[in-house]
Each structure stands twice: as C-alpha cells, then as structure tokens.
Amino acid sequence: MDIFLMLLINGLAEGALIFLMASGLSIILGLMGVVNFSHGTLFLWGGYLFVWAYTNSNSFILGIASAVIGTFILGALLEVLFVRKTYGKVTAQILITLGLMIVFTDLVRLIWGATPLVVARPDFLAGAWRFGGAVIVHYRIFLIAVGITVAIGIQLLLTKTKIGMIIRAGVQRSDMVEALGINIKIYFTLVFTGGAALAGLGGALFAPLVGGISSGAGMSNQVLAFIVVVIGGMGSFIGSAIGSVFLGLMGALIAWYVPQLAIVANVTLMAIVLTFKPSGLFGLAVKK
Amino acid sequence: MEPLLKIEKLVSHIGLFTILHDVNIEINKGEAVVILGRNGVGKTTLLKAIMGLVKSKSGTLEFENKNIIERPTYEIARKGIGYVPEDYGVFDLLSVEENIKIAISKKTTSIEDKIAYIFDLFPDLKIAYKRSASTLSGGQRQMLSISKVLVNENKLMLVDEPSKGLAPIIVERLARALREISKTTTVLLVEQNFALACAVGSRYYIIDEGRTVKNGKVQDLVKDSNLQKKYLGVT
C-alpha cells in the first residue's frame, strides 16, 4: 500500500508536468491546425531560463516568472515571425517548426553550453515524508498542486469567458468564427503564446525535479506530449488532462513493476488507441 | 440610389479551379433577392466570395459603395453582413446559448429584445437554450444558424440553401421565418427549392456555369415555365 501511494504520487507529478506541455500542444493543434514541433524547445528554454534566473537571484519565484515570461515572449516571436506564414500548409509547418526546434536547441547550447546545468530544489520544497517503505517527495506534491491549479484555471478560462468560447468554437470552425466578425488570428497568437508559456512553466518545474536540465530534455518531453495529444484527442483540453495523468501513472507503475516494458509502454498505448479510436479518447467528432 | 451590394464581372476560384467566371448582381436596401441555379453552378461559392471565404481574382465586389474584395472575412462581417452557410456553421462544442452569445457584436444594443425576438421566431431554441448544440436536429441547427445572424443589426443577410435536407414541415416554418426577416433586413438567398425561393424573394438571378445568365422579378419567373425548365430543371 505504501509503495502504491508513492507510485501514485510519482505518477500524478509526472502527469502534471506532461500536462503543462501537452495541453498547449493539443489546443494549438486543434485550434490552429499547427503541428508544432517547436513546442519542446519552449519547454527547454523554460528550463534553462529558470535555472539561470534561479541560480543568479536565489529566488524560486523569480526563476519561474522568468521562464514563463521568457517563453511567452519567445512563443509570440515564433508565431508572428514564422508559424503565422504556414497556416493551412502542414508540410511547411512541420519543416519550419522542426527547423526552429533545431536552431533554438542549438542556441541553448551556444548560450549555456553543452554541459547539463545542475539545480537544487528550493529549501521549502526540498523535504520528503516517509510512510513505512514509501517516500513522498514534497516537490512532487507541489507539482501535482500546480498541475491541478493550472488545469482548473484553463478549464474556467475555456468554459466561463468569451475568450474561451471563441477558442472552443475556433477549434471546430475557425472560418465560421471569422464570419461572425471575430479576428481569429489574434486568438491564434494568444493560444500559441499561452501554450508556449505553459511549456516554459513545465520546463521550469521539470529542472528541480530531476536536479538539472540538459539540451535533450525538450525533445524527450515533446514526444510524451505528442503521445498525450494522440491518446487524448486533438484539440481536447479534457483529453490532454486525462491522457497526461494516465501516461504519468502508467509510466510510474510500469517502471516499478515491469521496468523492461518502460520504453515501449507509451508507444504501445498510443498504437492501441490509434487502432481502436483514431480520433483519440476525447477526439472531436466535428467538422474541421 | 446606390445599391447596397454591387457585384460586377466577378471571377472567383477555389484552389486551381475557377468557379465563378462572370457574375453580375445588384441588391438594393430592403430587397429579398434569390439566387437560383442547378447543383454545382457556383451559388454557394458566390456567397463565400462575398464573405471573403474564397478568393476572387478580378471584378468588383462593393458593399455600401466600398470595395470588400480581398478584405479579411472578419472585416466584411463587421460591415454588417451576416452569413448563414449551407452546413449551418453551428459550433457543436458550445451550448445553444453560447452559440448565440458568441455571435453578438460589440455594436449590438437591446440584446434581450433580440433574443426574445429569436425565441418568438423559433420557439424550439428557447426550449433547447441551455443544451449542447450537438444535440440539435437539422431543422433546429438551421434555426440556430439564422439566429446567430439575427442577434445583430446586420444590413445584409446571406442565406445558403436553408431548406437543404429538411422535412417539408420545417421548410414551411423556415419560409415563414425568412419572410418575416425580409421585412426588416435585406436578404440574399441561395435556394434550390423553387417554392421556398418564390415565397421569400421578390427578384431573382439565375447562375449557370459560374455566370449570371438571367434576372428579373420572381413573379415573372413563376409564369415562365421554359426558363424554369432550361436553367432550374423544374418541370
């Protein structure tokens, strides 16, 4: 039971991190139809900006703020300068976002070096509780709390505000939103930059969890986020939340009980979902 | 008097295919004009071209004497043109209430009165107001689509084949509603259902192979069985 509790907390914390990355990716894909392979680089920049600001200021809050604001600005630049020109052109999107991923990952190496940066958890989140044989790390509880808070915040934004209404409508029919006199491109930019800031937050929170950040972190976490989008369904916020939790829990349980399957489990799950429900578990059965 | 909408020698295309070759239409304020023609002649493309949803290569497209060709769709809508597409354009992820509220423009006043008018015209929507739009029937979706335009003070309403796929009794109700609407709003209606077109429109244009080939008063067309047979397939 103790071990199960520990695995549950570990899985939910992993799920919260994946969710921060996958929710933005899913809505960007659903609303804008953009296959954004540069999302991982925003996660990476979030991680490096956090470590840089936290190390220099010794303020965890300032580190998080730097990551979120920095990736928000970077996301806006990427959308306005590059992604905007590729709406409706899937091949161009894949090429340009993959290119951005490579360039901005190399920029990270250029600025901060190829050696991974080390960072410790802040003192107020550094401890752990022990229950029998289980160790519950405070920082993982913090990640779960952040994940839940962000999920509730986005859900309220999507369901209780006119902005959310426009985003949900735009996921289905952006042309018909325009026909109502609404400039959907402003919302495209808003969603892209919001998704970028969430990915940046994910990167910032990831670094203290694993004790540092390296330039390969963006790609590996991006793969997980894409698996969540496939499992949860393109454009579905609920789908990305449930898919992230599911992937996190499954990863923790399999890594403990059947570690030899850890590498193939996620991809196998994705293949099963694609076989039986190609639109994802919460995919939108609507005209796009 | 300058027409509300003036289209001259309009050429529009979808991808590599030119759909409209030479369309000429004038609509005056307060009129209800119907666009008739067989399947695939370019009627739907014409409405999309007016809304900026398909590209126009050349020609004139003026609304209130101002060029709207190549303007973005949202700007054209903001000028006071409401669009009811043939596939309804209803947002399934939103409730009926949200579908109406998202359509309300910043300029709109007396919103409560307009919603009351919509409920009066389409009582079904009052019953389904809090429901998800995905649960609506075809007829109810058409009513919601029209309501999204009626909630604003539009100067021109473009309606694309409102009778398509609907039961005759629903078509009758829609015809009544469109007649009512045309008393206060200028309407451009694309319709294959000849009876509905005649019930709503006062003037007509016939499009054939992307060109306007005939126009006149609907009452004259009703009497001209040769014209009906030649261009509309009405026997």
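User: Setting one term first: contact means heavy atoms within 4.5 Å. So, leaving aside its neighbours within four places in sequence, what is Ile206(B) in contact with?

Analyst: Ile206(B) is in contact with Leu36(B), Arg211(B), Thr212(B), Val213(B), Lys214(B), Leu221(B), Leu227(B), Tyr231(B) and Leu232(B). Before we go on, this is a predicted model, where local features need pLDDT of at least 70, side-chain atom pairs count only at pLDDT 80 or more, totals for chains, interfaces and linings use all residues, and side-chain values use heavy atoms, with hydrogens and water left out. Residues are numbered from 1 along each chain as its sequence is written, while chains are lettered from A and ligands numbered from 1 in the order in which they are written.

User: Got it. Where is Ile206(B) found, and is it buried or exposed?

Analyst: Ile206(B) is found in strand 9 (residues 203-208) of chain B. Helices (H or I, at least four residues) and strands (E, at least two) are DSSP runs, numbered from the N terminus. Ile206(B) counts as buried because its relative accessibility is 0%; buried means under 20% relative accessible area, exposed over 50%, and partly exposed in between (1.4 Å probe, protein chains only).

User: How far apart in space are Ile206(B) and Leu174(B)?

Analyst: They are 22 Å apart, C-alpha to C-alpha, with their places 32 residues apart in sequence. Leu174(B) is one of the buried residues of helix 7 of chain B.

User: Okay, helix 7 then. What do its buried residues pack against?

Analyst: In chain B, they pack against strand 3 (32-36), helix 4, helix 6, strand 7 (156-160), strand 8 (186-190) and helix 8 (194-200). Helix 7 (residues 168-182) of chain B has 15 residues and reaches 21 Å from first C-alpha to last, close to the 21 Å expected at 1.5 Å a residue. That expected span is 1.5 Å times one less than the number of residues.

User: And helix 3 of chain B, how many of its residues are buried?

Analyst: Seven of its eight residues (96-103) are buried, among them Glu97(B), Glu98(B) and Asn99(B). The cover comes from both chains: it includes helix 5 (138-160) and helix 6 (162-178) of chain A, along with helix 4 (111-121), helix 5 (123-127) and helix 6 (138-150) of chain B.

User: Switching to chain A. At what angle do the axes of helix 1 and helix 2 cross?

Analyst: Helix 1 (residues 2-32) and helix 2 (residues 39-57) of chain A cross at roughly 145°, with their axes coming within 10 Å. The axes are lines fitted to C-alpha atoms, for helices over the stretch in contact, and angles run from 0 to 180 degrees between N-to-C directions.

User: Which residues make that contact?

Analyst: Helix 1 of chain A brings Met21(A), Gly24(A), Leu25(A) and Ile28(A), and helix 2 of chain A brings His39(A), Gly40(A) and Phe43(A).

User: Where is the kink in helix 1 of chain A centred?

Analyst: On Phe19(A), with a kink of about 30°. The bend at a residue is the angle between axes fitted to the seven residues ending there and the seven starting there. Still, the end C-alpha atoms of helix 1 of chain A are 44 Å apart, which agrees with the 45 Å its 31 residues should span at 1.5 Å a residue. Of those 31 residues, 24 are buried.

User: What touches Phe19(A) from helix 9?

Analyst: Ser240(A), found in helix 9 (residues 237-257) of chain A, touches Phe19(A) as well as Ala22(A), Ser23(A), Ser26(A), Val228(A) and Gly232(A), not counting residues up to four places away in sequence. Ser240(A) is buried, as its relative accessible area is 1%.

User: Last topic, backbone. Which phi value does Lys9(B) have?

Analyst: Near 50°, a positive value in a residue other than glycine. Most residues other than glycine have a negative phi. Lys9(B) is in strand 1 (residues 5-14) of chain B and is exposed, at 59% relative accessible area.

User: And Glu70(B), where does that lie?

Analyst: In the loop between strand 5 (66-67) and helix 2 (73-78) of chain B. Phi of Glu70(B) is positive too, near 65°, and Glu70(B) is exposed, with a relative accessible area of 69%.
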